[in-house]
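Colleague: Before I use this model at the bench, I want to know what the terms in it rest on. Can we go through them?

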Amino acid sequence: MTQTSENVTWLTQEAYNQLKAELEHLSGPARTEIAAKIAAAREEGDLRENGGYHAAKEEQGKQELRVRQLTQLLENAKVGEAPAADGAVAPGMVVTIAFDGDEDDTLSFLLASREYASADIETYSPQSPLGTGVIGKKVGDDAEYELPNGKKAMVKILKAEPYSG
């Protein structure tokens, strides 16, 4: 799980290993694979009208961007433990909130960096308005955060449990 503070990103060992493996794949086998695709498309002839070549070059650009993102993220990463199950909201936790204290209008989300977003649960960054509003609060506390229109919203923390992903 992650929390960015200044340029430091906190990761569990599991998250670090997962991102490191992705970087190693993109830097090694995936680079070789895309280079082969580009070479094969180049041999087809006229590059101006070669859709396969342009698609491969675009894929290469996206892949290299991801390599740079992961490299920077891992260079600034500090590996630590998953958050404690003490009821306090912290990065790496699944948080359930009630809007305006209405326990019928709830939202559960993972408080983590987008790098660790999960397909099975919505993810909010600790730096998002909602993330900054709830971080550090405890179960039962009210939290206030600013909406994009400048108005304030109030939520009640119902649950805060470490993500088991």
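**Cores, sheet and helix packing**

Modeller: Start with Val-134, which touches Val-89, Ile-97, Phe-109, Leu-111, Ala-143, Val-155 and Ile-157, leaving out residues up to four places away in sequence. Contact means heavy atoms within 4.5 Å. This is a predicted model: local features need pLDDT of at least 70, side-chain atom pairs count only at pLDDT 80 or more, and totals for chains, interfaces and linings use all residues. Numbering runs from 1 along each chain as its sequence is written, and side-chain values use heavy atoms, without hydrogens and water.

Colleague: What makes the largest nonpolar core a core?

Modeller: A nonpolar core is a set of buried Ala, Val, Leu, Ile, Met, Phe, Trp, Tyr and Cys residues joined through side-chain atoms within 4.5 Å. Buried means under 20% relative accessible area (1.4 Å probe, protein chains only). The largest core has 15 residues; Val-95, Ile-97, Phe-109, Leu-130 and Val-134 touch the most other members. Its largest share, 4 residues, comes from E8.

Colleague: Why are E6 and E7 called edge strands?

Modeller: The open sheet runs E6-E5-E4-E8-E7, with mixed pairing. Two strands pair if DSSP finds at least two bridges between them. E6 (123-124) and E7 (142-146) each pair on one side only, so they are the edge strands.

Colleague: How do you know that E4 and E5 pair?

Modeller: They are joined by 6 bridges and run antiparallel. The requirement is at least two, so they pair. One bridge partner of Met-93 is Leu-111 in E5.

Methods: Buried < 20%, exposed > 50% of the residue type's maximum accessible area, 1.4 Å probe, protein only.
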